[in-house]
Amino acid sequence: MSSKESCRNELRTAIRQLTDRCLYSASKWAAEQLVGIEQDPAKFTPSNTRFQRGSSSIRRRFRTNEITSTPPTGVAYVSTPVMEEDEVIHGDFYLLAKSYFDCREYRRAAHVLRDQTGKKSVFLRCYALYLAGEKRKEEEMIELEGPLGKSDAVNRELVSLERELSTLCKNSMIDPFGLYLYGLVLKEKGNENLARKVLVESVNTYPWNWSAWSELQSLCTTVDILNSLNLSNHWMKEFFLASVYQELRMHNESLSKYENLQDTFTFSNYIQAQIAKAQYSLREFEQVEVIFEDLLRNDPYRVEDMDTYSNVLYTKECFSALSYLAHRVIMTDKYRPESCCIIGNYYSLKGQHEKSVIYFRRALKLNKNYLSAWTLMGHEYVEMKNTPAAVDAYRRAVDINPRDYRAWYGLGQAYEMMGMPHYALHYFRKSVFFQPIDSRLWIAMAQCYESEQLHMLEEAIKCYKRAANCNDTEAIALHRLAKLHKELGRPEEAVFYYRKDLERMEAEEREGPNIVEALMFLATHYKAQKRFEEAEVYCTRLLDYTGPERETAKSLLRGMRIAQSGFPSMDVEHFHP
C-alpha cells in the first residue's frame, strides 16, 4: 500500500471514531487533511477534485530548494495500528446521550450514561460533564464580570473529573480519548508536567486526535520542553512539530516541515494557511497575500485564519480589498471572532477607532481568549490616547500567550506615552526577545534609549544596527545611526551611514529631507577633508533643490574653487590699508 493510500485509510477510520466521540474539531481537521491528499490520477473525477484545484500553484511558487527533505510520509515511520472499537454494537443509551450532546444538553447526556462502564461511554460522560462545567463558567463570567472584564469563575466539574480520571488511569481502565480529557483537566488545574506526560501517552497510543496534539502544543512553551517529549514516530508528529515550531517562532524550521508534508498532503488548505501565517511572521506580505487569495478561491466561505489576511491588507493599506473581505465574512458568518476582528481592522484603517473597538469587544464576547482581539484593541486604545485601557488589553493578551511579541511591544508603547521609559524599555526587551527579526521593535527600543531620561546613546546605536540588519523597510535605522555618530563626534562613522542611507534612498527612489541632510553632511565633510572632487559631486546634486540648501551648496562650490586656485578670498580684510 502506498504511503498516501495508508494515510487516507487511517484518516477515514479516525474521522468516524472522532465523530462518534463528539470530537468535532479534531474530526473536521482530519477530514480536511483527507481531501488534501493528492488523488490517484486514475481515480480523478470532477467531484473528488473540486477541493484540490489551484493550490499546487502556491506550492510551486514558494517551494524552497535549499531545505533537506525528510523521508516520504509512511516510509520511515513506525505505523500505529488503527484502534479497534471497544463497543462493537453501540448501546441505545450511548446513541441517546450522543443526541443530547449534539443538542448541547451536556448534563442530560452525562446523566443518560451514568451507569455505563464501557470506555467510550465513560469518555463521553466525562467529556459532557467537562463541557457542562465550561458552559456554566462562561455564564458566570458574564454574570460576575468585573470592571476590567475579569472574572474568577471556574469550571466546577474539574475536581470530580480529575479524581475519576486519575483512578481510571492508575487502574489502566482508560483509552487514549480518556487520556486526552485527563490531560485537558490537568492543564486547566495547572498541573502542566503531569498533563504533558498524559497527553504524550494519548497521542502515542492514538495519533490522529489533533485536539490532543493542540493541547500538548500549548504546554510546549520552550524548545527544551519540546525536546524532552518522548513521542513515537508517526506522520501526525510532523504536523505537530511544524505547528510547535511556528508557535516558538522557529519559522524556517516550521516552513521546512510543512513543505515536506506537502509531498503527501499536496492540496491541504490547512497547510497552505499555516505557511501563510509563517510567512506573515517573517513579514513577507506579498507572498502571504497571494496564498490567501488562492485559499479563498478554493474555499470561498472560509473564515478561519482570515483575520491574519486582514492584518496583511491593513498593513499594506489595501482599503478596497479589506472592505471586500469584511463584506464577505459578514455574509458568511457575521458572529465569528475572526469576522469581528476583520471588521475591526477595516474600521481602524478608516480611522474610526471607537467603532473598531466595538467589534474587537464583540469578538471577545464570543471568545474571551481570542488573542488577536486583545492585542488589536490595545492598539486602538493607543490611537485614542486611552493608555490605561490599552495597558489592560495588552496585559490580558500576554496572560493568554506570554510569547505574543505584539502585546509586549504595545505595553512598551503605552508606557513610553506615559513618560515612563524604564518600564517601556523592559517591555520592548521582551518583545525583541520573542521576535528578534522585526526592525520596528529594535527601532522602538533605540528611541527609548535616546529619550532625555535615559540618554543611553551607545545602546541606541546597538539597537539601530540590529534594526538595519533586519530589513528596516521604513528606512529609519541608517539615518538615525548617521545622526547619532555625527552628534558623538565620529565623522567617519557618520559618513559611512549617510552614504549607505543615500544609496538606499536612491535605490528605492525616495525623496525628502533625509536626502538633503545626507548630501549636505557629505559635501561639508569632504570639503573639510580637502577631497574636493567628491564634495563637488554632492554639492552639484544639492543645486537641484530650491531651498536654502541650494545657496549653501553654491557657497561651498565657490569656496572649493578658490581653494583649488590657490588664491585667497577676495574679501576686504585681505588688503592692507
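**Figure 1. Helix α13 is largely enclosed by the rest of the structure, because twelve of its 13 residues are buried.** The model shown here and in the other views is predicted. The helix runs over residues 235-247, and its first and last C-alpha atoms lie 19 Å apart, close to the 18 Å expected at 1.5 Å a residue. Its buried residues include the aromatic side chains of Trp235, Phe239, Phe240 and Tyr245. Lys237 and Glu238 are also among the buried residues.

**Figure 2. Surroundings of helix α13.** The elements that cover its buried residues include α1 (3-20) and α2 (24-36), together with α11 (210-218), α12 (223-228), α14 (251-261) and α15 (269-281). After the helix comes Arg249, which has a positive phi, near 65°.

**Figure 3. Helix α28 (residues 491-507) has the span expected from its length.** Its 17 residues should cover 24 Å at 1.5 Å a residue, and the end C-alpha atoms are 24 Å apart, so the two values agree. The buried residues are Ala494, Val495, Tyr497, Tyr498, Asp501, Leu502, Arg504 and Met505. Among what covers them are α26 (457-468), α27 (477-487), α29 (513-528) and α30 (532-542). Glu509, which follows the helix, has a positive phi, near 55°.

**Figure 4. Cys169 and Cys470 in a structure with zero disulfides.** The search that finds zero disulfides covers the whole structure. Cys169 has a relative accessibility of 23% and therefore counts as partly exposed. Cys470 has a relative accessible area of 16%, so this residue is buried; the cut-off for buried is under 20%.

Key. Residues are numbered from 1 along each chain as its sequence is written. This is a predicted model: local features need pLDDT of at least 70, side-chain atom pairs count only at pLDDT 80 or more; totals for chains, interfaces and linings use all residues. Side-chain values use heavy atoms; hydrogens and water are left out. Helices (H or I, at least four residues) and strands (E, at least two) are DSSP runs, numbered from the N terminus. The expected span of a helix is 1.5 Å times one less than its number of residues. Buried means under 20% relative accessible area, exposed over 50%, partly exposed in between (1.4 Å probe, protein chains only). Contact means heavy atoms within 4.5 Å. A disulfide is a pair of cysteine sulfur atoms within 2.5 Å.
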